[in-house]
Structures are given as structure tokens and as C-alpha cells.
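These are my notebook entries from an afternoon of looking things up in one structure. I wrote down each point as I checked it.

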Amino acid sequence: MIEIKSLTKTFDGFKALDNLNMHVRKGSIYGLVGVNGSGKTTLIKHLTGVYRPDSGEVLVDGQPVYDNVEIHERMSYIADDLYFFSMYNLKGFAAYYRKLYPNWDQERYAELVKQFGLSETQKLSKFSKGMQKQAAFILAMSARPDVLVLDEPIDGLDPLIRRMVIRDIVEEVAEREMTVLVSSHNLKDMEGLCDCIGIISKGSMLLERDLDDLKSDVHKIQAVFPEGTAAPVEGMNVLFSEQKGSVEMFIIRGNGEEIENRFRAAGPVVFDRLPMTLEEIFIYETGGDRDEFREILF
Amino acid sequence: MNSGKSYSKNALISVPLIVENLKRFWLGSVLAFIGYVIMCCVPVLMTEEEYVSQVMKTIRIPATIWAAGVAIVAALLIYRYLHQQSSAAIVHAMPLSRKQLFHSNFLSGMILCLAPVVLTGIILMIIRAVGGPMNFVEFDMVKGFVQTDMFSYGQILLFTGSLLMVNITVYAVAVLAAVLTGTSLTPAGVNVVLLGVFSAVILILIGLGSLFLFGFTPPESLTSLALYLSPVSGLLVDPSWKALGGYLIASAVLYMAAYCLYQRRKLERATDTLAFDFSKPIVKYLLTFCGMAGLGFLFNLLAPENLQMPMLYLGCILGALITYVAVEMLIQKRFKIKGFVRGFGLFAIAAVVLFAGFHADIMGYEKNVPDADQLAGVEKGVIDYSYDGAWSEDGFIRDEATLKEVAALHRDIAADREELKDISENGYTRSVSLNYELKNGKHMRRTYIVPQSWLMGNEHFRAMVESRAYKESLYPVLAWKDDEVVVDRIILSPQGISEGEFGKVSAVLSEKEELRSLTEAIRADLEQVKLEDMPDFGGSKPTLLSLEYQVKKPMKISKEMDQLYFERYGVHYDEDCRYYYIDITDGFTKTLELLKDRGLYESLVIGPEDVDRMEVGLYERSPEEDIDEVDYAEPPKPLKTMTLTDPEQFREVLEKAAGTCWADRYYEVRVYPVFGSVNEEDGGLYLYFEEENVPDFIRTGVR
């Protein structure tokens, strides 16, 4: 759905994006994670056709995004730094969007307004930051986009509203196969929302992973073996190992059943396959101690 | 995938965006309209009919400035989204192409600007329809007195068209400024640059030329260019349909330039002072140049005479430094600017080259004197002439012999330029304006300030002034053809007194033969007038009588020229060019002879036998006294007085005294007639002497 190929952007000699590649599947929720200044917003502004690439391609459905009205009609964007016309209220803005977006859904708009309980007649400039985010969300969702781009959408939202937002997004993805790209500087925000994660650092994509694959591919094993018996990890892809007293802990990439069978065959006194959080997976997947990960993980 | 139909994929404009802009900014348009009504409609309604023409001229100035202001504000408001990261991102992420955004916003601004002007024009039309024509009587050179409707529909249309064009052009400039800049504050500055700086640069170059080059006179095309480069000044001075057309084309060019730049504009430049790198050196150096020259000229103007040039350079250095640093700070958005040495160094080198070039006259301007055979003509009014093409007909002297003398005079001035440049030691000076029309169709202009003593000693100057062709420009009677200007009558009046006061009565000539013979005599005398006899060059012969031509058809003398220009040569005419006066002195021998033959002389000219007594007073003007500020209610008191009663002394006074005198120390002689009564306040004839020509019996008598 979204394809970014070798994207490079330089601002006054500073390379904000450096030969960046990204791929977002149709109907997926892609979490773009990176520390502040890593290039997330620059990447998103390319994706939404605001910036023109210095080199490389930004494609949606195989078409370049820049100055492409057809793509923009199918894309909604909620920026981190919101902007509304001064003196406008939600109703006025909705009326404007209705004329701009061909898929505008007035019923959906009414539903969302009711759901979030926002005033349609109060000036948007009088709204709190959180309310403005909700207003932007209502407008974006009512346009019934095929692609929804959200730059730091969770900031400023209270937990209840956050859950509502996430639920609405997930529903839209499930119902209409809407493709979502959501950015955050914290990996925790992505937990339970995304099915694919891309980590960006210093303008480059460090890694892109499908979360289902990740979770089924990396395993945390805790075991105690009789004295003189070594853990059967030879030939396995051990990402991390640690021993505290007689308890050994391993993070191993591979087939879970096979790993468990090999461990059990060695006759452990204690054996446990423990669940892993997204942070843990990334820590061990990436080595864990790299500076660029610390901020997004903790 | 949704399949909603695309609204505006290929459209040039987006109607929703235009409607939205109108909804957002309509209040500004209403305020603009109120301003126009107050400035244009109210004065017309409140003015009496005869002053409407004046009002129509007066309201153009504030209305034009208001129109320009409205256009600038409209552009700033509509394109403000470019100057903030958040708004630039959101607006460009909407389903609108850059093409649609630019054109739609441009059109919205135009509607918001133009609608109030159109409405104002309609209101003026309604006032005209209800109130009817407002006539103004004026004089036309060909048609005579004509009644003009100064508030005609055509006038209103032109007025409205002029305001519309100011709106359109300034709006196009302001949009270009908004696209070029990255912050909301800088467009105002860039507007100033775009609207005025190019004119300023031309005016500065003209100013430098005047300071450094002897005789420098800017070509008319250059001064016009400076004027027209700014639509506000251009349309204020020339609100013609042709000018409107010119500015419409210019607006179209600006519009396209702004559109091309908009397409290339990088949105990440929002919040930068200038959004395009190429514009930085242009803005920086243009402003530095203006700052340099501005402070330089100011210092030069305020400095004492002997320090003017050093102060010019000091002002230029300070002005350039201050402006460069200030502009760089604004562009770089930091106090500690980068690249100062290189950037300012380049400017300094260019400035030094420019000043050195002017100083050394590398273009050879001062030495460039045309050969006589290159000349097709020289504009009339060479001496102290500052009217620039104000003549009613062909304003050029085309006589070859005279042109040779003019070219030779020019050569002599150029050759003596080093001596002539230092005005401070030159005493009384005159300006010599040489506006040539060359045979190749081009024009060449020089204006020199030259001491009168140098001119009087130059044989070519004398030959030029005394030539028939030159005199024709001074004395219309020499130039007119009798069938062109039908002389109705000639009135000969005693000079400076009320008719009958000395028993002298004006003579009226209306017989064709009398008119013809007197005109011939006057022409013959005028042809003989020598340089020294001309009042403008020190001729101090007293005016014996005044001759007044009354003509049926107006003479082709420019109304635009100050009548004082001709009065310097003893020639007067009324503003309608229907009455033409010549002061007759005793140098007009043929005229006086004719009058004597006809028996008119005695009845017109005051002789000793007509005088009862003469009261003489010695006066001194204070050095500060301005001739324009003389208090006529309290005439000056004489230092000394005496009375003359001797007829021989009367004769000498009448022969030698002048009709006027501007010397600081002078003798005034009030002549009382034998016959009739004299008004105690100001009656009688007044004659004047200076120390140089006063008879001894007066000089010794008043002591």
C-alpha cells in the first residue's frame, strides 16, 4: 500500500532522512517509532505529500504522493502540531472537509461527535489540546480515508479517550482494510495497536518487523539443570543469556516447539517458557543496549 | 478501497477553497469598502460643484494608498499559511494540488480586494446619475474656454479602473512577496523591497551622478522608469488607460512568477526569513545599497559645504555596515551572523568600484559632447530652464547656425569643467540646460551650473543668445506667423502708473496697417537686442512704456511654464496666452522712432516737463530679508531722503533709472506729476538706482 524507496531529504546540509526504505501493507497498522529528531515527522510529511523528496520515491498504491490530489482525497492526516482556521468551529470545518473529501461520511461524523461529546459550535481555538486532537480525529475518520497517518496521536489524550481512539482505528482497519501509519517516540504506545513496527533513527530505518512474526519467533526460556548438565543451546540462535545462581535465562530465536523439546530432552529440574513484552522483544532483538533504543523502550 | 469520485483532480481552481477564503476574510473586505466610501464618496457628496475637479484629484492619493494597503493585507492574510510549519503542512496535505491552492487563493484575494472598489465605483456612478454633471470651466489651447464635466462617467470609470489596477498590481507583488518569504513578518519588508527598492536604486544612481558628474542630467526615460517601477507612484502620476494596460501586463508577469515560485517552494522553508536562497543576496545587497546611499546622502546634506564629500563617504560606510548587519541578522535569524567578512567584503568592493567609477568618470560622461552635425535640435529655454518639454509645440531650436554655437558652448563648458565645478568660488551662477535631440533619434541631456561672468565672456553663448532662433523662444512675437495668431489690437501704456495720472493716456492701435508696421518695428528691435541689454543678463534700461498685444487666437506658449521665466526677458503673458506684453526701453529704437512719427511717443512717455518733483529715499534691505516675505503693510523707512526739482535732474533720472531693483542698498525715486493728482499712498511713478548707476547729485544729496 505504502512504499518508500531510498528516500533522502537534506535541510541546510543536515541529512534528515538518509536512503530510507519502508513498506506498509494494506490493512495494517504500522507503528513508526523513533526518538525526537530521528526523522519521524519528516518522513510523515513526505508520506502526506507536504515535502518533496530530494531523492527516492514515496508511493501509495504505486502512485507518487507529492501533489497528487487523488491520493490526498483518500488520505487523512493528523499532525502532531495541529492547525485549524481561526474563528472556525468543528461544524464549519466539517462543512469544508465535506466539500474536499469525496468519501466524506456525514453519519460517521455525527456518530463520532456524539461519541467524543465535543461541541460543534464552540471555536476550535478555544478547545484544549486534547479536544483539538479529538476534533482532528473526528474530521480525519469522517473522511473515510484509505490511508490514515497519525503523528504522535496519543499525546495529550487521557486513557479513556485513548482507548476510544484505538478502538475506532482498529474497527476501521477491520471493517474497511484502512491502512494506518502511526508514529510515536515511545514503543509502549504501540503495544496492542500495531501489527508492524518500524524503528527510525538518525533518518534511517533501523528495522522493520511484523509483530506476530516477532512474537512467535523469539522466546524467553528459564531453566534449572542438574549440576554438571549444560543447557542444550548449542546451534541455537541465542540472543541473550544470563545466570543467577542455579537459574539460567535464555532469549532464543527459533521455533518454539523445537526449542522446548530440546530443553526438555536435557532433563531440566525446572523449565518455563515465559511471555515477552514488545519492549523485551526489541531489547533482545536489537541488542538492547543501543542508545537509540533506550529512549523508545523506557 | 473507497470509490468516491474525485472532486477536483484536474481543475485549475478549487471552488470550495475560494468560498472558504471568502467566508474567512469577508470582514476585511467590508472594512476596505468603508474606507473607500469615506475617502471617495463622502468628499464628492460634500463638495460644491466647482470644486469637484479638485476633489477628484485629491481623493486619488489616499484612495490609491488605501488600495495598495488593502492589497498587501489581503495577500498577507491569504498566504499566511505558508509561513507556519503547522498550517503549511495541513493545507498541503489536503486534497488540493499546489496549482489549485495558488490560483484559488490568488483569485480569492482578488475578489476580496476588487469587490469594494467596484462597489465604490457603482456608488460614484449613482451619485453622478442622481446629481448630474459637475462642470468645470477650463482653458484649452485649441478650443479656448471649454466646459468640462469633471465627474463624468468616463472620469469615474478611469478613477475606478486606476484603483482596481493598483489593487491588482500591488496584490500580485504582495503575493510574490508572500511566496518568497517564510515568516509572517517578512512579507511586509519584501513588499517594500519589491514596490520601492528598484525605484530607489535608480534614484540613488541619479543622485550619485548628480554628485560626481559635472552636468549630469538623468535621461527622462530613467526618471520615468523610477516612477513607473512602483505601481503606486506610477498610477498616481499617470492614471491613463495606457498605464492601466501596462500595469495589467506587469501584474500578469508577476502572477506567473509567483506561481512558478510557489510550485518550486519547499514547505520546510516555513519560518525561514526568505524561502528561496536565490533571493537572499538580492534582498540583502539591494537593501544594503539603499541603506548606504540613504545615510550617505543624509550626511552629505547636513554637512557644512567644505565637508560634504567626506561626510558622504562616512555616511555611506556607516549606512552600508548598519544595513548589511541588520538585514543579515534578519535573514539568518541570529545576532552573530555568519560569513560577514566575505559577504560585506564583496559589497564593499562593488561599492568602491562604483564610487571610483563615478569619481573617475570611467564612462566618459563629462567629456561626451555632441558634434554640431549630430544635432537635430536643442530644447528652447537653455538658461535657468527647468520645465522639461513644457512647450506647446515643437520645443526645439533647429537652426543649424545656432546649434553650432550651442555645441561650441557645450565644448567650452566641458573643457573648463574643472574650473567651473567649484561653485563656491564662482559667485552668481546660472544653469545651462542642454536637452539635445540627436539626428539618430536619441536624446542627450546635460545641465551645468556656470558662473554668469563666465557665460557673459563666452563668445558662443553670446552668439547663441543673440541668434534669431534663440530669441524666437524668448519673444513669441518673433516666432508667430501673422496668420496663425490674429492680432486684434495693440495697447501702448505708460509704464508703471495709472492711466491719466501724468496726463498720459494709453494708445490703442487696431488698424491693420498700424498693427503690421508696429509689429515689424518691434521685431526689428528685438532682433537687435544684445546680451547685455536683456534684463536677465544685467540690462538695466528703464522701461519707458508697456506694449500689450491682444490676440484672437491664443499663442502657442506653454501654460505649464512659469511666467517668471519670460519676465526675465521683459516679456509677459497672461495664463490664457491671449494677452502678451513687452516692456519697451530706449533700446527699442525703431519702435520708439515709429511712435514718434505717429505722434504717440509724447503722449505716452513721461518726460521732464511732466514732472512736478521727485522724492528720493535711500533704503537698505537687511541681508536676511526674503523678497517673498516683504511686509507691504509696513513699507520700509528710508535712511535718508531728498527732493529733486531741477528739470535737468528729472531728465537724467528718467533716462537712467530702472523700473525695479533687487540690490541690498538702493535709491527709490518717487516721481510726482505736474498734471493731475497723485494717490498719497502709492501713486506716481517709482524708479530705482543702485550704487553703481546712481547720479552723483543723488548720491551726494542724500548724505
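Entry 1, a hairpin in chain A. I began with the hairpin of strand 12 of chain A and strand 13 of chain A, where 2 residues lie between the strands and A:Gly245 takes a positive phi near 65°. I kept in mind that this is a predicted model, and I read each value with that in view. I then looked up how the two strands run, and found that strand 12 of chain A pairs with strand 13 (residues 247-253) of chain A in the antiparallel sense, over 7 bridges. For one example of a partner I took A:Gln243, whose bridge partner in strand 13 of chain A is A:Glu248. How many of the 8 residues of strand 12 of chain A are buried? The count is 0, so by the cut-off for a buried residue, 20 or more other C-beta atoms within 10 Å of its own, strand 12 (residues 237-244) of chain A is hardly covered.

Entry 2, chain A as a whole. I noted that chain A has 10 helices and 14 strands, and that its C-alpha trace spans about 75 × 45 × 30 Å along its principal axes. Of the 298 residues in chain A, 39% are buried. Among the contacts in chain A with a separation of 6 or more, 70% are between residues 24 or more positions apart.

Entry 3, where the chains meet. I looked up the contact between the chains and found that 27 residues from chain A and 26 residues from chain B take part. On the side of chain A that touches chain B, helix 2 (69-73) and helix 3 (90-100) of chain A each supply at least two residues, and the largest share, 4 residues, comes from helix 2 of chain A. I also sorted the residues on this side of chain A by kind, which gave 13 nonpolar, 4 polar and 10 charged.

Entry 4, the nonpolar cores. The largest nonpolar core has 163 residues, and those with the most contacts inside it include B:Ala71, B:Ala75, B:Val170 and B:Tyr171. Which helix gives the most to this core? I found that helix 5 (residues 153-180) of chain B does, with 17 residues. I then followed B:Ala75, which, leaving aside residues up to four places away in sequence, touches B:Gly109, B:Tyr171, B:Ala174, B:Val175 and B:Ala178. Last, I wrote down a second, separate core of 44 residues, which includes B:Leu474, B:Phe588, B:Leu644 and B:Val653.

Note on methods:
Residues numbered from 1 in each chain as written. Chains lettered and ligands numbered in written order. Predicted model: local features only at pLDDT ≥ 70, side-chain atom pairs only at ≥ 80, totals over all residues. Contact = placed C-beta atoms within 7 Å. Nonpolar A, V, L, I, M, F, W, Y, C, P; charged D, E, K, R; others polar. Core = buried A, V, L, I, M, F, W, Y, C linked by C-beta atoms within 7 Å. Buried ≥ 20, exposed ≤ 12 C-beta atoms within 10 Å, placed from the backbone. Pairing = 2+ DSSP bridges.
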